[in-house]
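These are my notebook entries on a structure that I am opening for the first time. I begin with the aromatic rings and then turn to helices and surface.

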Amino acid sequence: MKRKNKMKQSRGDKIFVIVNYTLLTVILLLCLYPLWFVMISSVSNPDLVNSGKVWLLPKEISFTGYKNLFHDKSIIRGYINTLIYTGGGTMLNLAVTLPAAYALSRKDFVGRKFFTLMFLFTMFFSGGLIPTFMTVKNLGLYNSPWVMVILGATSMTNIIISRTFFMTNIPNELHEAAQIDGCGNVRLFLQVVLPISTAICAVMALFFAVNHWNGYFTALIYIRDDRYKPLQIIMREVLMRSKFNAEMLQQGGDSAGLLQEELRAAEQIKYALIVIASLPVMAIYPFIQKYFVKGVTVGAVKG
């Protein structure tokens, strides 16, 4: 017979486990329900949703919102723009942040304290919106898709997290061994440091990608051409259009019936758009969750 090494739990331990799992289950449901509600609302009758009759399961299922969504060229264009901004911006962010963090993590880097102070200065002081707007306009980036990629190419917070990761996970002996073998700093960073730093690379990629995907303020200030607007601005316009139609509907008139139909369609499109906009992040996160937890934990242990 196999001997069981499982420790017997006391009554207090069992109560603690039950209470713990109960609380975690409640918290999980509270976090998942808003997303579930949006999903079922996107395929339910808008009138039932507005009246509060849809709260657990979809009613009078209809995919009209998704059909109208994919027939709207502005939404498709905004979705494609956001994918381009997110992909290009994330690659630029990583190309700027990781080398800067690695350089600041090297004790033999000349001027390390000076550059660190200069970077830290930007965390507390900035030029302000108007000087930044003037700089962007003078550089020819106003109303250009490049402003969505170049502006905010890095952040000091992410540099600090990455620098701490490199300081705590890349031993000096590795640098010395590489130098003995004739490996330069650039080659050391690209061929040695980066391959063993997948955790922090994944974390930074997720941080920057989510920031670009949810980017709203930059496009609102610097983008005027409809061809370059990201998905978040398109969502804002859909919401404003729904609000305007609701106000017109309250005033009544000959076109009240038509406005009511447009309002119902806009409600379904709104929920469907939220679902479509959330899918990429939800699809990517499970694959990099282990890197996310490890990278944030290690990168935040020491300063």
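I looked for aromatic groups first and found that Tyr102, Phe165, Phe166 and Phe189 form one aromatic cluster. For pairing I took rings of Phe, Tyr and Trp (its six-membered ring) with centres within 6.5 Å, calling planes under 30 degrees apart stacked, over 60 edge-to-face and the rest tilted. The count by this rule is 12 aromatic pairs.

I note that this is a predicted model, in which local features need pLDDT of at least 70 and side-chain atom pairs count only at pLDDT 80 or more, while totals for chains, interfaces and linings use all residues. Residues are numbered from 1 along each chain as its sequence is written, and side-chain values use heavy atoms, with hydrogens and water left out.

I then looked up two of the pairs. Tyrosine 79 and tryptophan 213 meet edge-to-face, at 5.6 Å centre to centre and with 85° between the planes. Tyrosine 79 belongs to helix α4 (residues 73-105) and tryptophan 213 to helix α11 (residues 198-213), so this pair ties together parts that are 134 residues apart in sequence. Helices here are DSSP runs (H or I, at least four residues), numbered from the N terminus. Both tyrosine 79 and tryptophan 213 are buried, where buried means under 20% relative accessible area, exposed over 50%, and partly exposed in between (1.4 Å probe, protein chains only).

The second pair, phenylalanine 133 with tyrosine 222, is stacked because the ring centres are 5.9 Å apart and the planes are at 15°. Phenylalanine 133 lies in helix α6 (residues 129-138) and tyrosine 222 in helix α12 (residues 217-222), so parts that are 89 residues apart in sequence are tied together. I found phenylalanine 133 partly exposed, at 26% relative accessibility, whereas tyrosine 222 counts as buried at 3%.

I next checked helix α8 (residues 156-169), whose 14 residues should span 20 Å at 1.5 Å a residue (taken times one less than the number of residues); the end C-alpha atoms are 20 Å apart, which agrees. Among the buried residues of α8 are Phe165 and Phe166, both of which I had already entered in the aromatic cluster.

My last entry concerns valine 149, which is placed in helix α7 (residues 147-150) and counts as buried at 12% relative accessibility. Its C-alpha atom is separated by 9.1 Å from that of glycine 87, although valine 149 and glycine 87 are 62 residues apart along the chain.

How values were computed. Helices (H or I, at least four residues) and strands (E, at least two) are DSSP runs, numbered from the N terminus.
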